[in-house]
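Biologist: Could you take me through the reasoning behind the labels used for this model, setting each value against its definition?

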Amino acid sequence: MFARYKKNSPAQPANAASPTAPAAAPAQQAAPAHTVIRPLPKAEPAPVDREKKRKERLGEIKLELHKALLDNLNLAALDKASEQELRAEINAIATESLEAQGIVLSREERTQINQDLYDEVRGLGPLEPLLKDESVSDILVNGPQQIFVERGGKLQLTDITFKDERHLLRIIDKIVSAVGRRVDESNPYVDARLEDGSRFNAMVPPVAVDGSLVSIRKFKKDKLAIDDLVRYGAFTEEMAAYLQAAVATRLNIIVSGGTGSGKTTTLNALSSFIANAERILTIEDTAELQLQQTHVGRMESRPANVEGRGAVTQRDCLRNALRMRPDRIIVGETRGEEVIDMLQAMNTGHDGSMTTIHANSARDAASRLENMVAMAGIEMPIKAVRAQIASAVNIIVQASRLQDGSRRMVSITEITGMEGEVISMQEIFRFQRTGLTPDNKIIGHFTASGVRSHFSERFRLWGYDLPASIFEPFNG
Ligand SMILES: Nc1ncnc2c1ncn2[C@@H]1O[C@H](COP(=O)(O)OP(=O)(O)OP(=O)(O)O)[C@@H](O)[C@H]1O
Ligand SMILES: [Mg+2]
């Protein structure tokens, strides 16, 4: 657990804390804003030709071997075979087939081919090594010939490909049929969870124009904890201390941000501030959260089956959760009609609840909530809706993936009430950008706005006496 804030030292600039951030270059070195068009960062270059040719040759041989395997392997018995048995079987069939064709391969090539064949039969083919690669956080497939990965916040083109669209479709089919779903022309997109917990989405032609699109958000066994996020420069120790007080004193918190901005990671890290004695219920479309507490009930919504039946929505889960005596409710992402029940829960004793929302700022998050209420078909005057939001939500944390790939908590905003028809907010912390290094890394620091927290008294009464220095602006 994160140590309660004790220090009295002033805030450090963010980039001093981040191992990935560059040494702060003097501001005057940053490229002037109105000069020539900045060269666009390019995807990693394709590997050299010779390597490519060798890969192609290996690919062809592998294809032949794959055919030989399918002809010779007893597929029905395959599911029961142990890894060792299957590997031995693959090796035997491959050896026989290669000998018959008079193909000689190096030892290294043989090992590689055996592994690839194993991955084809048991796993997800070309995606398998990427799934195993710990440094890869996202896998993005744009048709059979283009696979991108994200490593350390940066997108890179890989030299891995599928043989053709049929190969890609076969792998997609393997994934979705394992979870009892189907994807085809009449049902062209699907969400699923891989065995290892990774989140999977696919869309197939003709809706996907240039071949199937696949996105995989890899499941991280060790989710980034508060300390890691502070170390990576996502926010400061002072902000962490503030958030700890906010969570521990049961304020309702929304983490807002764009796609892949770190919302779920932040939510997960914030949950570590919840006391172990509390009963926590989580509701998600794809179970990603990993709570450390003992008393956790996890729910996952379910889409309708092929016949269009059996859907269990997040709203269904949430309504049911309210009858399950929760101390806290955490909804992975609020994006539909469940907003009504979420706001009600936050307003009626289930304080300390948390969720994420897809929005670009605290203000935007509030208006998204408004829209969701309207879309859910609730006829309520706008002022009443806003009043309900204002009393339900206490803090909005804005996560952002900045243009250099770094993820930061760019703002922490408190909702303080209503002023006429408008929800009143005050920003407590923000990330202040000051420039850009020549290699397009963002320079900046975190600062408090200088405004005293609306919840200071609450924090104090609950034993979280935050020193005033936390709320002083950074003037370095
Ligand atoms: N501060 C950070 N530093 C480095 N990596 C981070 C940070 N925050 C999140 N990540 C990584 O970024 C990826 C996306 O994070 P996360 O799943 O939390 O985003 P999200 O906003 O919930 O995405 P989505 O909109 O797809 O649900 C993950 O691989 C996560 O480990
Ligand atoms: Mg998420």
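Modeller: Helices (H or I, at least four residues) and strands (E, at least two) are DSSP runs, numbered from the N terminus. By that reading Arg325 is found in the loop between helix H11 (314-321) and strand E10 (328-331). This is a predicted model, in which local features need pLDDT of at least 70 and side-chain atom pairs count only at pLDDT 80 or more, while totals for chains, interfaces and linings use all residues. Residues are numbered from 1 along each chain as its sequence is written, and chains are lettered from A and ligands numbered from 1 in the order in which they are written.

Biologist: Why is Arg325 called exposed or buried?

Modeller: A residue is buried if 20 or more other C-beta atoms, placed from the backbone, lie within 10 Å of its own, exposed if 12 or fewer, and partly exposed in between. Arg325 has 9 other C-beta atoms within 10 Å, and is therefore exposed.

Biologist: What makes Arg250 count as partly exposed?

Modeller: Arg250 has 18 C-beta neighbours inside 10 Å, and so it counts as partly exposed; its place is in the loop between helix H9 (237-248) and strand E7 (253-257).

Biologist: What makes the phi of Arg250 worth a remark?

Modeller: Most residues other than glycine have a negative phi. Arg250, although not a glycine, has a positive phi of about 65°.

Biologist: How do you know where ligand 1 lies with respect to domain 1 and domain 3?

Modeller: Domain bounds come from an automatic or database domain assignment. Domain 1 (14-21 + 233-471) and domain 3 (125-220) both give residues to the shell around ligand 1, so the ligand lies between them.
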